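The following exercises ask the reader to work from a chain to its interior, one step at a time. Each task is followed by a worked solution.

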Amino acid sequence: MPTFVLTATHNIDRPQAGLHIDRGQSFTVNINMIGITPVNLFNNSRCQAALVQQFQVNGINVPKTDYSIYSRGSWDIKML
């Protein structure tokens with residue numbers, strides 16, 4: 001099971017969801033799929049439900065339609 005560390009590349013604010021993520025704040029995400037890499041983590045439709053679930057585990061409760069949070073440009077992605 002691939003494990004990734006996502007680090008915010010900029011401040012992320014969602015006042016309507018009560019969410020604030022500071023630049024540099026990191027989260028660990030586990031994706032239970034073979035073949036997932038940092039390059040295709042956010043671009044793979046099979047990962048979408050797993051990403052939403054892992055974000056919720058980390059206290060990030062935003063809908064999957066919030067493309068700026070569920071986008072590679074918001075995160076520095078490292079695979080462990």
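The exercises below concern this predicted model.

**Exercise 1. The chain as a whole**

Determine the order of the secondary structure elements along the chain, and decide how the radius of gyration relates to the globule rule.

*Solution.*

Step 1. Assigning the secondary structure of the chain gives one helix and five strands. In sequence order these elements follow the pattern β-β-β-β-α-β.

Step 2. The radius of gyration is 12 Å, close to the 12 Å given by the globule rule for 80 residues, so the chain is as compact as a globular protein of that length. The C-alpha trace spans about 35 × 20 × 20 Å along its principal axes.

Step 3. Burial and contacts complete the overview. Of the 80 residues, 41% count as buried. Among contacts between residues at least 6 apart in sequence, 57% join residues at least 24 apart. The chain exposes about 4,700 Å², of which carbon and sulfur atoms supply 51%.

**Exercise 2. The surroundings of strand S1**

Establish which strands are joined to S1 by bridges, and whether the faces of S1 are covered or open.

*Solution.*

Step 1. Consider the pairing with S4 (residues 26-30). Five bridges join S1 to S4, and the two strands run antiparallel. Within this pairing, Phe4 has Val29 as its bridge partner.

Step 2. Consider the pairing with S5 (residues 75-79). Here too five bridges are found, and S1 and S5 run antiparallel. Thr7 stands opposite Asp76 of S5.

Step 3. Examine the two faces of S1. On one side Thr3, Val5 and Thr7 are buried, and on the other side Phe4, Leu6 and Ala8 are buried, so that both faces are covered.

Step 4. Draw the conclusion. Because six of the six residues of S1 (residues 3-8) are buried, the strand is largely enclosed by the rest of the structure.

**Exercise 3. The buried side of helix H1**

Identify the buried residues of H1 and the strands against which they pack.

*Solution.*

Step 1. The buried residues of H1 are Ala50, Leu51, Val52, Gln54 and Phe55.

Step 2. A general property of helices helps in reading such a list. An α-helix has 3.6 residues a turn, so residues three or four places apart point the same way.

Step 3. Locate the packing partners. The buried residues of H1 pack against S1, S4 and S5.

Step 4. Take Gln54 as a particular case, a residue of H1 (residues 48-57). Its relative accessible area is 14%, and the cut-off for burial is under 20%, so Gln54 is buried. With neighbours within four places in sequence left aside, Gln54 is in contact with Thr28, Val29, Asn30 and Ile31.

Step 5. Note what comes after the helix. H1 is followed by Gly59, which has a positive phi near 85°.

**Exercise 4. Aromatic pairs involving Phe55**

Classify the ring pair of Phe42 and Phe55 and that of Phe55 and Trp75 as stacked, tilted or edge-to-face.

*Solution.*

Step 1. The count of aromatic pairs comes to four. In one of them, the rings of Phe42 and Phe55 lie 6.5 Å centre to centre with 80° between their planes, an edge-to-face arrangement. This pair links distant parts of the chain, with Phe42 in the loop between S4 and H1 and Phe55 in helix H1, 13 residues apart. Phe42 and Phe55 are both buried.

Step 2. For Phe55 and Trp75, the ring centres are 5.7 Å apart and the planes stand at 85°, so this pair is edge-to-face. It too links distant parts of the chain: Phe55 is in helix H1 and Trp75 in strand S5, 20 residues apart.

Step 3. Check the burial of the second pair. Phe55 counts as buried at 1% relative accessibility, and Trp75 is buried with a relative accessible area of 3%.

Step 4. Place the pairs in their wider setting. Phe27, Phe42, Phe55, Tyr70 and Trp75 form one aromatic cluster.

**Exercise 5. The nonpolar core**

Find which elements contribute to the largest nonpolar core, and which of them gives the largest share.

*Solution.*

Step 1. The largest nonpolar core has 24 residues, and those with the most contacts inside it are Leu6, Ile31, Leu41, Phe42, Phe55, Ile60 and Trp75.

Step 2. The elements that give two or more residues to this core are S1, S3 (19-21), S4, H1 and S5. The largest share, four residues, comes from H1.

Step 3. Return to Phe55. Not counting residues up to four places away in sequence, Phe55 touches Leu6, Val29, Phe42, Ile60, Ile69, Tyr70 and Trp75.

How values were computed
Residues numbered from 1 in each chain as written. Predicted model: local features only at pLDDT ≥ 70, side-chain atom pairs only at ≥ 80, totals over all residues. Heavy atoms only, no water. Buried < 20%, exposed > 50% of the residue type's maximum accessible area, 1.4 Å probe, protein only. Pairing = 2+ DSSP bridges. Contact = heavy atoms within 4.5 Å. Phe/Tyr/Trp six-rings, centres within 6.5 Å; stacked < 30°, edge-to-face > 60°. Core = buried A, V, L, I, M, F, W, Y, C linked by side-chain atoms within 4.5 Å. Rg over C-alpha atoms; globule rule 2.2 N^0.38 Å. Areas by Shrake-Rupley, 256 points an atom, 1.4 Å probe, with all protein chains shown as cover.
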